[in-house]
Amino acid sequence: MIRILSLFIILLPFDGFTQKRYFSEKSFVSFFSEGVIEEIKASNTKVTSILDLASGEVAYLLSPKDFQFEKKLMQVHFNEKYMESEKYPKSSFQGKIVGYDAANLTLQQVKAQGKLTIHGVTRDIDVPGTLHIEGNTVTLRSKFMVKLEDYNIKVPQIVWQNIAQQVEVTVHFLYRPVTN
Amino acid sequence: MKRLFILFLLSPCLAFAQDDLLAELEKDSGNETEYTFATFKGTRLANGHTIETKNEGSLEFIFAHRFGAINGGWYEMYGLDEALVRLGLDYGIKDWLSFSIGRNSFDKTMDSYVKIRALRQSTGAKTFPFSATVLLGGAYKFSPENNSDVSDDFENVDRLSYTGQVLIARKFSTNLSLQLMPSIVHKNAVVASQEENDQFALGFGGRIKLTKSVAITTEYYHNFSMKDDSPYFNPLAFGIDIETGGHVFQLVITNAVGLTERAFITETRDDFWDGDIHLGFNVTRTFQLKKAK
């Protein structure tokens, strides 16, 4: 009994090795919307993400405040009025990449399924993307639409014509293996 | 049975090994400094300044005016027949450094300011309880037209005045921000029986947000250097801020009509509580001149 138990305890730290953990080295999440008067776009390169190729599990975490706009005033309004970044300081995705073969070294069409949290609202999403395993690195890309009303993001009526009701989100990560 | 027991013991470990990646990311991201932003909607509270500076590369055009006193009655259309105007430009040289110039029809004054954001309220890794901005300004009165209209020894330099302020603000919550404004106004020339050259004042103001785009504001300056037989009053203002995209509309009622510190802190001639209240607007439009990378 004790022998088996100790064996498990000894083996426990090695459990990590059975996972193929990757951490994002470069990240890029952007969104774009075509308003009636002006287009709105911003990008965030301070996103952190972990990918486990063994299980397909993936997660990313970002601060809305890190989105950079060309117009700084728009950036303030984005955080103050729409994302309410003081109340909801983080947005995240947590889920699984499905439909890939870890041994395949070509560009693969995959799907990401899981929970997207924006503005304090969590919803299940299922979006297409690509996965590319090249030597030591893994690239993950996806592009999907987010409807503002799904995440309870209210656009004040007074500026409604400026803001589209949905935005196109682009996600692009470059991963390298986690080295302990 | 024993094996089952072991499995049971290990089950949390297995779950942990698989644990959620998001929790790990969250654990790593805990140690950041979050700077408070949007303490006020505009660079002006009502008559005076807020701690807000313009972001690098943005230019704000400010059109402000103050109507006549509403107790002027129907003949003066409750003050709407006359108005004093200030046209101004504020530019963000750096996020922490703004420069502004303006022309005020009150006393035909040209003014100029430098605003330096010195301290920022923050939470997280570095916690700091308030924001502070230093304001330095100068103003030149072009009125009256001839020096001799004032007195024989009045010189051009006597038309100058200077303002120094430390604007201290704290955003207590999303909806409540308060500001203190220790101020000094130096006037090169004064009527000595009525005024000091150096005048010290403490301003107090704040805003309460009613909705995401609408806020109510108030601002009051107490002039500690006011002489007993001064003909002037302390300026009090109440306002509503309405923000629409690149515009901020500030609707105010105040007893002050001048929009430079000299004018409203030290030379407000009307008594708010006597009904000498003026309606006014500050309208701003921000342009992004330099695109951020």
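Which residue just after H3(A) takes a positive phi? In this predicted model, that residue is Glu84(A), whose phi is about 50°, and the helix that comes before Glu84(A) is a good place to begin a walk through the structure.

Helix H3 of chain A spans residues 72-82 and is mostly covered, since nine of its eleven residues are buried. Among these buried residues are Met74(A), His77(A), Phe78(A), Glu80(A) and Tyr82(A). The cover comes from both chains: it includes strands S1, S2 and S5 of chain A, together with strands S10, S12 and S14 of chain B.

One residue of this helix, Glu80(A), deserves a slower look. Glu80(A) has a relative accessible area of 7%, and because buried means under 20%, Glu80(A) counts as buried. Its side chain makes a polar contact with the side chain of Lys209(B), at 2.9 Å. Leaving aside neighbours within four places in sequence, Glu80(A) is in contact with Phe37(B), Ala38(B), Lys41(B), Arg207(B), Lys209(B) and Glu243(B).

The next step leads into chain B, where twelve strands close into a barrel in the order S2-S3-S4-S5-S7-S8-S9-S10-S11-S12-S13-S14, with antiparallel pairing. From one strand to the next, the twist averages 20°. Within this chain, strand S9 (residues 176-187) runs antiparallel to S10(B) and is joined to S10(B) by eleven bridges; Ser183(B), for example, has Ala201(B) in S10(B) as its bridge partner. Against this sheet packs H3(A), which touches S10, S12 and S14 of chain B and whose direction makes about 95° with that of S12(B).

The interior can be followed through the nonpolar side chains. In soluble globular proteins, nonpolar side chains tend to be buried together. Here the largest nonpolar core has 41 residues, and those with the most contacts inside it are Phe31(A), Leu51(A), Tyr60(A), Leu116(A), Leu131(A) and Phe144(A). Strand S10 of chain A, residues 166-177, gives the largest share of this core, namely five residues. Phe31(A), not counting residues up to four places away in sequence, touches nine residues that include Phe78(A), Phe67(A), Phe69(A) and Val167(A), and Phe78(A) is itself one of the buried residues of H3(A). A second, separate core of 14 residues includes Tyr113(B), Ala169(B), Ala201(B) and Tyr221(B).

Finally, the confidence of the prediction should be kept in mind while reading chain A, which averages a pLDDT of 87, with 84% of the residues scoring at least 70. Over residues 13-17 of chain A, however, pLDDT stays under 50, and for this stretch the model has one contact beyond four places in sequence.

Methods. Residues numbered from 1 in each chain as written. Chains lettered and ligands numbered in written order. Predicted model: local features only at pLDDT ≥ 70, side-chain atom pairs only at ≥ 80, totals over all residues. Heavy atoms only, no water. Buried < 20%, exposed > 50% of the residue type's maximum accessible area, 1.4 Å probe, protein only. Helix = DSSP H or I, 4+ residues; strand = E, 2+ residues; numbered from the N terminus. Contact = heavy atoms within 4.5 Å. Pairing = 2+ DSSP bridges. Axes fitted to C-alpha atoms, helices over the stretch in contact; angles between N-to-C directions. Core = buried A, V, L, I, M, F, W, Y, C linked by side-chain atoms within 4.5 Å. pLDDT = per-residue confidence, 0-100. Polar contact = N/O pair within 3.5 Å; in protein donor to acceptor, adjacent residues only side chain to side chain.
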